[in-house]
Amino acid sequence: MTAEQTKVIKQPMCMAQAGAASSASPSVDLGPMPEWDLTDLYPSPDSPEVERDFAAAAAQAKRFKQTYQGQLVAMGRDGAKLAQAVKEYEQLADLMGRLGSYAGLLYAADQSDPARAKFYGDTSERLTNISNDLIFFELELNKIEDADLAEALKHPDLARYKPWFDDLRKEKPHQLDEQLEQLFHEKAQTSRGAWNRLFNETMAALRFPVEGEPEPLPLEPTLNLLSHADEGRRRAAAEALAKVFKENLRLFTLITNTLAKDKEISDRWRKFKDVADSRHLANRVEGPVVDAMVSAVRASYPKLSHRYYKLKARWLGKDRLAHWDRNAPLPEKPERIVPWPEAQEIVLKAYRDFSPEMADIARRFFDKNWIDAPVRAGKSPGAFSHPTVPSVHPYVLLNYQGKPRDVMTLAHELGHGVHQVLAAPLGPLLSQTPLTLAETASVFGEMLTFRVLLSDAKDPRERKALMASKVEDMLNTVVRQIAFYTFERKVHEERRQGELTSDRINEIWMEVQAESLGPGIELKPGYEVFWTYIPHFIHSPFYVYAYAFGDCLVNSLYALYEEAHPRFVEKYLDMLRAGGSKHHSELLAPFGLDARQPEFWHKGLNVIERMIDELEGLDRLV
C-alpha cells in the first residue's frame, strides 16, 4: 500500500539503503537463522480473526462517518468531544494497520507466491474501500477555525495530540475536497499501487546468469557478488546484472515514466511546486534545510568519495576502479564470514555497552522471532524494519549472508526496531517518525557496532579493512544517496516536459554517478542501466536523502557522545521515545545542534573526512 492510499496504514519502513551490498556463498554454514513468526498479528491469511477484523474495521468506519461527518466544525471548541473522535480514529488506525502490516509482511517473505500476492492485493483493496469512510475526517478538522482549535487544545485529553494537529495544519494548503480525495484514494489501487506491485513481482522473478554459477541467481545474491574477493566473480555479476536489466529496460522505463507522471498529476492538483515538496512535507523538514544538506554533500565529493576511491584504486593496484570494484574487499585482509550467532552477540554487545535498555529491547527480536534472516527465492530483496502497529511490535527482514556489512545491516535494522518500540506508547498518530529522523537510531546502531569491532581489532591490516568498510558504508549512505536524490530530481523535472527515453534516463544516471564517484571509478558499459533496480525510486520518491540526513545527524551526535556530552544517553533515548511528536529542531536542541545551520552538515561530513585521514595514516603502517 502507498502513503497516498491512507495515512493509517504503514509501509515496511525503513528499507535498507540501496546500493550497498555484501556477499557470501549460499553453501556457507551461517548457523541457525530465525524466520519471523507472524502469529502475533494473525494465525494465517484464512484465519477467522482476519475476517473478524475486516468486518469490525468496516463497521467501525461506517459508524465513525455517521457520527462525525459534518459535525466537527460545530464541535470545534469542545476539546472533550474532539478528543473522543481522535481516539476512535486512532483505534481504527491500529486495527487497519494490523491487517495491512500482516498482508505486507506475508507478501515480502515470498513475492513469487501467487496466493500471498492475491491476499496482499485483496487486503490493499479492502482497506482502501474501508478507509474511504475516513477521508472526511482530516479534511473537516482542517476547516475548524484556528482560534476554536486553540481553545479546544487546552483540554488535557486533546492537548497530547497537538503535534499531530500542527502537522495536519501544514497539509491544509495541499488538501482537495472530499470527492477528489476519494477519487485519488481509490484510483491509487490501479495506478501507483499497481505499478509498484508490477515492479516488485518483476524483480522477484528475475534470474541472473552469472558465469561460474551452477544456475541463474535471484537479484540479491547477484548484487552481493559485487563485493566478492575475486574480481572475476564481481565482473561476472556486474555483466549478468547489466544483461538482464537491459532485457527488461523497456518495462522499467515505462514504470518510471508512468510513476513520475502520476506524481506530477498529484503534485499539480495539490499545488506542490517543487518535485520534492511533498516528500519534504511528509518528512516534516523544510526544503531549504534539505537544499543546504545537498549542497554541502555535493561540495564535499572531491574530499570524500573522489579522494577515497583514488586511494582504494592504489590499494588494488589499479589506476582506476571499474564500477564492479567499488565495494571490493581489500586484498591484504579478505573479509571473514560471520555466523549468525556471532553476529547476534556482536550487535547486542554494542548496544549493551551504550545502553542496557536498548540491548534488552533488541534481544526480544531474536528471542521472539521478530526477525526473518535467511535468503530465500522470492523473498523481498534488501532489508527493512516494519513498525506494524503500536499494539503489536516491529518485524525485521534481512537477507543475511555473513559478511561484516550484513552485521552492520542487522545493527541498522535493529536500531529502527528499538526506535519503533520506544515510540510505540505514543500511539498510531504520534509514534510515526519522519524518515529524516527515522534513520537516527539505525545509523547510530551501526556506529556503535562498528566501534566495538574496531576496538577488538589490534592488527593494523585488520583495522584498515574495518575502517575502509565503514568509510564505504558512509559513502554509500551519504554520497551515493545524494547522487540518487540528484538523479531523481532530474528525472522528475524532465518528466514534467514529456516522457523520457531509456537512453535519456541512462544518460542522467551516468552524469550524476560520474559526478559523485569521481575520476577514481571507471563506469564501464552496462552500468548505465543500474538505476533500474533501486526500489526507493519506485516505492518512495525522494526517500533517499533521508539516509544522508540521518548519517550526518548521527555523526554529529556521535561526536558529542565521544566528547562525553552531559546526560547524552538519557537525552538520546528521550529523542527516540519522542517518535514523530517533535520537529527535528526540538529534538536536536538539547544537544546544541541545529540542522538549519551549514555548520551542522559540515560537522557530520568532517567525521567521514577524518576517517579517510586515519586510513591514509594506517596505509603507511601496513
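Colleague: Why does Asp167 count as buried?

Modeller: This is a predicted model, and in it Asp167 has a relative accessibility of 17%. Buried means under 20%, so Asp167 falls on the buried side of the cut-off.

Colleague: And is its partner Lys170 buried, exposed or partly exposed?

Modeller: Lys170 has a relative accessible area of 40%. Partly exposed is the class between 20% and 50%, so Lys170 is called partly exposed.

Colleague: What makes Asp167 and Lys170 a salt bridge?

Modeller: Their closest N and O atoms are 3.8 Å apart. The cut-off is within 4 Å, so the pair counts as a salt bridge. Both residues sit in helix α7, which covers residues 162–171, and three residues, about one turn of the helix, separate them.

Colleague: How do you know that Asp353 and Lys349 form a salt bridge?

Modeller: The same kind of check applies. The N to O distance is 2.8 Å, and a salt bridge needs a nitrogen and an oxygen within 4 Å, so the pair of Asp353 and Lys349 qualifies. They are four residues apart in helix α16 (residues 340–354), about one turn of the helix.

Colleague: Why are Asp353 and Lys349 called partly exposed?

Modeller: Asp353 is at 49% relative accessibility and Lys349 at 37%. Exposed means over 50% and buried under 20%, so Asp353 and Lys349 are each placed in between.

Colleague: What makes Glu472 and Arg405 a salt bridge?

Modeller: The closest N and O atoms of Glu472 and Arg405 are 2.6 Å apart, and since the limit is 4 Å, the pair is a salt bridge. Glu472 belongs to helix α20 (residues 460–477) and Arg405 to helix α18 (residues 404–423), so this contact ties together parts that are 67 residues apart in sequence. Glu472 and Arg405 are both buried.

Colleague: How many salt bridges does the structure hold?

Modeller: There are 50 salt bridges. Some link up further: Glu35, Asp372, Arg376 and Lys379 are joined in a network of salt bridges.

Colleague: Now the sheet. Why do β2 and β3 count as its edges?

Modeller: The three strands come in the order β2-β4-β3, in an open sheet with mixed pairing. β2 (371–372) and β3 (384–386) each have a single partner strand, so one side of each is left without a neighbour in the sheet.

Colleague: How do you know that β2 and β4 are paired?

Modeller: Two bridges join β2 to β4 (residues 395–397), and pairing asks for at least two bridges, so β2 and β4 meet the requirement. The two strands run parallel, and Ile371 has Val396 in β4 as its bridge partner.

Colleague: Let's move to the rings. Why is the pair of Phe64 and Tyr68 called tilted?

Modeller: It is one of 47 aromatic pairs in the structure. The ring centres of Phe64 and Tyr68 are 5.0 Å apart, with 55° between the planes. Rings pair within 6.5 Å, stacked means under 30 degrees and edge-to-face over 60, so this pair is tilted. In helix α1 (residues 48–68), Phe64 and Tyr68 are four residues apart and therefore separated by about one helical turn.

Colleague: And what makes Phe64 and Phe137 edge-to-face?

Modeller: Their centres are 5.0 Å apart and their planes stand at 70°. Edge-to-face means over 60 degrees, so the name fits the pair of Phe64 and Phe137. Phe64 lies in α1 and Phe137 in helix α4 (residues 135–141), so parts that are 73 residues apart in sequence are tied together.

Colleague: Why are Phe64, Tyr68 and Phe137 all called buried?

Modeller: Phe64 has a relative accessible area of 2%, Tyr68 is at 7% relative accessibility and Phe137 is at 0%. Buried means under 20%, so Phe64, Tyr68 and Phe137 each count as buried.

Colleague: Last topic: which residues are the closest to the centre of the largest cavity?

Modeller: The search finds seven cavities of 30 Å³ or more, and about 180 Å³ of space lies in the largest. Of the 17 residues lining the largest cavity, Thr256, Val491, His492, Phe537 and Ile538 are the closest to its centre. Helix α12 (249–269) supplies the largest share of that lining, five residues. The lining divides into 12 nonpolar, three polar and two charged residues. Phe537 also belongs to one aromatic cluster, whose members include Phe208, Trp509 and Trp531.

How values were computed. Residues are numbered from 1 along each chain as its sequence is written. This is a predicted model: local features need pLDDT of at least 70, side-chain atom pairs count only at pLDDT 80 or more; totals for chains, interfaces and linings use all residues. Side-chain values use heavy atoms; hydrogens and water are left out. On a 1 Å grid over the protein atoms alone, a cavity is a set of points where a 1.4 Å probe fits but cannot get out, and a pocket is an open set with protein on both sides within 12 Å along at least five of seven lines; lining residues have an atom within 4 Å of a point. Grid points are joined across faces, edges and corners, and a volume is the space filled by probe spheres set on the points. Ala, Val, Leu, Ile, Met, Phe, Trp, Tyr, Cys and Pro count as nonpolar, Asp, Glu, Lys and Arg as charged, and the others, Gly among them, as polar. A salt bridge is a side-chain nitrogen of Lys or Arg within 4 Å of a carboxyl oxygen of Asp or Glu. Buried means under 20% relative accessible area, exposed over 50%, partly exposed in between (1.4 Å probe, protein chains only). Rings of Phe, Tyr and Trp (its six-membered ring) pair if their centres lie within 6.5 Å; planes under 30 degrees apart count as stacked, over 60 as edge-to-face and the rest as tilted.
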